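Me: I'm new to this structure and would like a close look at one part of it. Could you pick up one helix, tell me about its residues, and then work outwards to what lies around it?

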Number of protein chains: 2
Amino acid sequence: MIVVLTGGTGGAKFVDGLRRVIPAEELTIIVNTGDDHVWWGLYISPDIDSIVYVLSDLLSSERGWGVRGDTFHCLQAMKELGEEAWFSVGDRDLATHLLRTQMLSQGQTLSSATFHIANKLGLRSRILPMSDMRVETRIDTPAGDLSFEEYFVKRWYQDPVNAVHFRGSSDAEPAPGVMDAIASAQAVLVAPSNPVTSIGPILGVPGIREALHTTRSKVVAVSPIIGNAAVTGPAANLMTAQGLPVSIAGVAKAYEDFLDILIADDSDAAAAQLLSSDRLQVQCTNILMRNSEDKARIARAALTSACPEIITESAGIQ
Amino acid sequence: MIVVLTGGTGGAKFVDGLRRVIPAEELTIIVNTGDDHVWWGLYISPDIDSIVYVLSDLLSSERGWGVRGDTFHCLQAMKELGEEAWFSVGDRDLATHLLRTQMLSQGQTLSSATFHIANKLGLRSRILPMSDMRVETRIDTPAGDLSFEEYFVKRWYQDPVNAVHFRGSSDAEPAPGVMDAIASAQAVLVAPSNPVTSIGPILGVPGIREALHTTRSKVVAVSPIIGNAAVTGPAANLMTAQGLPVSIAGVAKAYEDFLDILIADDSDAAAAQLLSSDRLQVQCTNILMRNSEDKARIARAALTSACPEIITESAGIQ
């Protein structure tokens with residue numbers, strides 16, 4: 001079983017690559033829920049949805065979120081009713097949120113709701129929220145303490161960032177299956193997601209960081225940073241706010257207590273050489289994911305670096 | 001102020017006529033909420049929505065419910081997620097239900113939610129739910145005790161009806177404004193709605209029947225029955241189950257303690273003559289509402305029979 005830690009659009013792209021190179025049932029995906037938020041009374045879990053949609057071939061690759069070809073008629077009507085409309089929810093996408101919200105309000109866990117939805121869509125991978133308890137990523141800015149979606153979507157991540165907090169984190173527990181999955185994984189892959197707000201909340205759930213440290217499998221991360229910039233999104237500002245250099249060294253530092261292999265871009269070869277040590281191996285390849293072939297190639301690179309026999313075993317299956 | 005009691009598609013058509021002949025701000029519409037039901041976790045109030053939509057010119061006249069030109073993409077996605085999909089909710093329509101549900105879950109009343117939505121759509125009429133308390137129309141059939149929507153929409157009103165109950169009715173109170181509106185009305189109009197399941201639940205709220213009896217204004221009903229059949233829908237079966245003859249006499253009986261004038265179809269002229277008495281005046285006209293002109297004509301007939309000066313006052317306004 002391959003375990004992936006993921007969040008954000010980079011994470012969804014990486015999982016899109018993985019599903020092309022190993023059988024879906026061999027994937028356990030542990031997903032950030034720090035971006036979850038309540039919108040129009042619905043419980044929205046953007047990172048879980050992106051993984052569900054990418055695995056069911058529903059994800060809009062143009063937008064990187066939501067359902068391909070979706071319409072936004074409800075959103076438009078909400079706008080006309082005077083409601084906030086800065087968070088775009090498509091009409092098909094709404095079904096996922098409605099069903100999840102209904103299950104949660106009936107006392108079911110986020111894990112069960114996620115399993116139910118994935119199952120109905122015919123998915124064979126396991127998708128695990130990092131926790132069934134509420135953890136909220138909060139961005140402390142001069143404009144106030146913002147939820148991640150306010151910072152990222154509503155305000156286009158233009159605010160300077162003082163600090164990042166994971167509200168509820170210290171009391172959270174890993175969702176059922178998370179600890180076992182890490183402990184018994186053949187390989188643990190950290191997606192090229194934002195280390196602070198996509199992977200950070202997962203690592204903040206008590207027990208998960210330790211489990212990554214003690215697992216006997218290799219832990220491999222694909223860098224979301226090339227040179228001194230994030231491939232996409234606000235990672236650079238957020239890393240700076242957390243005292244991490246914006247470079248592959250910063251990524252390595254964010255994961256220093258458990259990372260075995262870091263996959264960096266070819267253009268970072270010099271930095272990679274400096275960073276490599278007895279404890280950390282840094283491998284370089286072209287890490288930009290512009291199309292399906294790129295995604296599959298990078299997924300394969302991460303897998304083979306962790307555990308070369310996997311690809312051979314699965315070869316020809318997909 | 002003109003007060004209208006209404007429910008169902010016949011009621012929405014009648015209100016569509018009224019808005020064409022008197023200024024919107026002179027209308028207070030008291031709406032059946034016995035059909036309200038929770039669907040996908042959303043609180044849906046079909047009769048209130050029809051009135052809101054008809055007054056805002058959003059109602060689909062083809063369907064007689066929901067928003068004109070609406071799409072059903074969320075419904076389709078719900079179906080694909082294995083959820084029940086027999087109750088059609090359009091994508092734009094969803095916004096209304098989401099907003100109402102959110103307001104109710106925040107502790108607001110159905111009256112407030114209705115006012116807010118109507119206000120945002122620029123409506124100048126007052127739309128009052130019959131009660132802010134939950135009253136559920138239940139249809140007792142050989143197949144079991146069904147909600148109105150199960151009986152009507154899911155099962156196409158094919159079940160024999162043993163009895164009709166209004167669950168919660170005896171403990172319900174009229175919503176704020178309902179009693180005052182009836183007491184101070186210039187005229188009270190009962191729409192050509194199903195007397196059992198559209199008007200019946202309103203009359204079942206303690207106090208409303210008495211208010212209709214004691215108001216000094218005329219109470220005028222337009223018959224939903226022509227000959228021995230309902231113009232549309234299941235009224236005939238439901239009237240029979242309630243011991244009412246399926247005829248204008250049955251309509252008169254349903255409203256006997258407060259009705260002053262009944263407007264019946266020309267084809268019921270003979271029955272009308274028999275039914276007329278010192279207490280009840282029966283007027284005949286063509287009561288089929290096939291187009292806007294029909295609706296306006298019937299609205300005008302009901303208004304002038306109750307209070308001839310109204311139309312003169314408002315003439316030329318719309």
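Reply: Let's start with α2(B), whose buried residues are P46(B), D47(B), I48(B), D49(B), S50(B), I51(B), V52(B), Y53(B), V54(B) and L55(B). That is 10 of the 10 residues in the helix, which runs over residues 46-55 of chain B, so α2(B) is largely enclosed by the rest of the structure. To count as buried, a residue needs 20 or more other C-beta atoms within 10 Å of its own. Just after the helix comes D57(B), with a positive phi near 65°. Keep in mind that this is a predicted model.

Now for the sheets of chain B. Seven strands form an open sheet in the order β5-β2-β1-β9-β10-β13-β14, and their pairing is parallel. At its edges are β5 (126-129) and β14 (281-285) of chain B, each pairing on one side only. From neighbour to neighbour, the strands of this sheet are turned by 20° on average, with direction ignored. Pick out one pair inside it: β10 (residues 218-222) and β13 (residues 261-265) of chain B are parallel and share three bridges. Across that pair, A221(B) sits opposite L262(B) in β13(B). A helix lies over part of this sheet too: α1 (residues 8-21) of chain B crosses β1 (2-6), β2 (27-31) and β10 of chain B, at about 160° to β1(B).

Elsewhere in chain B, have a look at β8, residues 163-167. Its side chains alternate: V164(B) and F166(B) point to one face and are buried, while A163(B), H165(B) and R167(B) point to the other face and are not buried. In a regular strand, side chains do alternate between the two faces of the sheet. The partner here is β6 (residues 136-141) of chain B, which pairs with β8(B) in the antiparallel sense over five bridges. One of the buried residues just named has a facing partner: F166(B) in β8(B) stands opposite T137(B).

Chain A lets you follow strands with those numbers into a sheet. There, an open sheet of three strands has the order β7-β6-β8, with antiparallel pairing. β7 (144-147) and β8 (163-167) of chain A are the edge strands, each with a single partner strand, so one side of each has no neighbour in the sheet. The twist from one strand to the next averages 30°. Between β6 (residues 136-141) of chain A and β8(A) there are five bridges, and the two run antiparallel. R138(A) faces H165(A) in β8(A). Over these strands goes α8 (residues 195-204) of chain A: this helix lies across β6 and β8 of chain A and runs at about 45° to β8(A).

So where do the two chains meet? The contact takes 21 residues from chain B and 21 residues from chain A. On the chain B side, α3 (73-80), α4 (91-105) and α5 (110-120) each supply at least two residues. α4(B) gives the most to that side, with nine residues. Sorted by kind, the chain B residues that touch chain A divide into 10 nonpolar, seven polar and four charged.

From chain A, take a look at α4, residues 91-105. This helix has 15 residues and spans 21 Å from its first C-alpha to its last, close to the 21 Å expected at 1.5 Å a residue. Of those 15 residues, 11 are buried, so α4(A) is largely enclosed by the rest of the structure. The buried ones include D91(A), R92(A), L94(A), H97(A), L98(A) and R100(A). What covers the buried residues of α4(A) comes from both chains: it includes β4 (42-44), α2 (46-55), α3 (73-80) and α5 (110-120) of chain A, together with α3 and α4 of chain B. After α4(A) comes G107(A), whose phi is positive, near 95°.

Finally, step back to chain A as a whole. Its secondary structure comes to 14 helices and 14 strands. Along its principal axes, the C-alpha trace spans about 60 × 45 × 35 Å. For 318 residues, a compact globule would have a radius of gyration near 20 Å, and chain A agrees with that at 19 Å. Buried residues make up 53% of the 318 residues. As for contacts in chain A between residues at least 6 apart in sequence, 69% join residues at least 24 apart.

Terms used. Residues numbered from 1 in each chain as written. Chains lettered and ligands numbered in written order. Predicted model: local features only at pLDDT ≥ 70, side-chain atom pairs only at ≥ 80, totals over all residues. Helix = DSSP H or I, 4+ residues; strand = E, 2+ residues; numbered from the N terminus. Rg over C-alpha atoms; globule rule 2.2 N^0.38 Å. Buried ≥ 20, exposed ≤ 12 C-beta atoms within 10 Å, placed from the backbone. Contact = placed C-beta atoms within 7 Å. Pairing = 2+ DSSP bridges. Axes fitted to C-alpha atoms, helices over the stretch in contact; angles between N-to-C directions. Nonpolar A, V, L, I, M, F, W, Y, C, P; charged D, E, K, R; others polar. Expected span 1.5 Å × (residues − 1).
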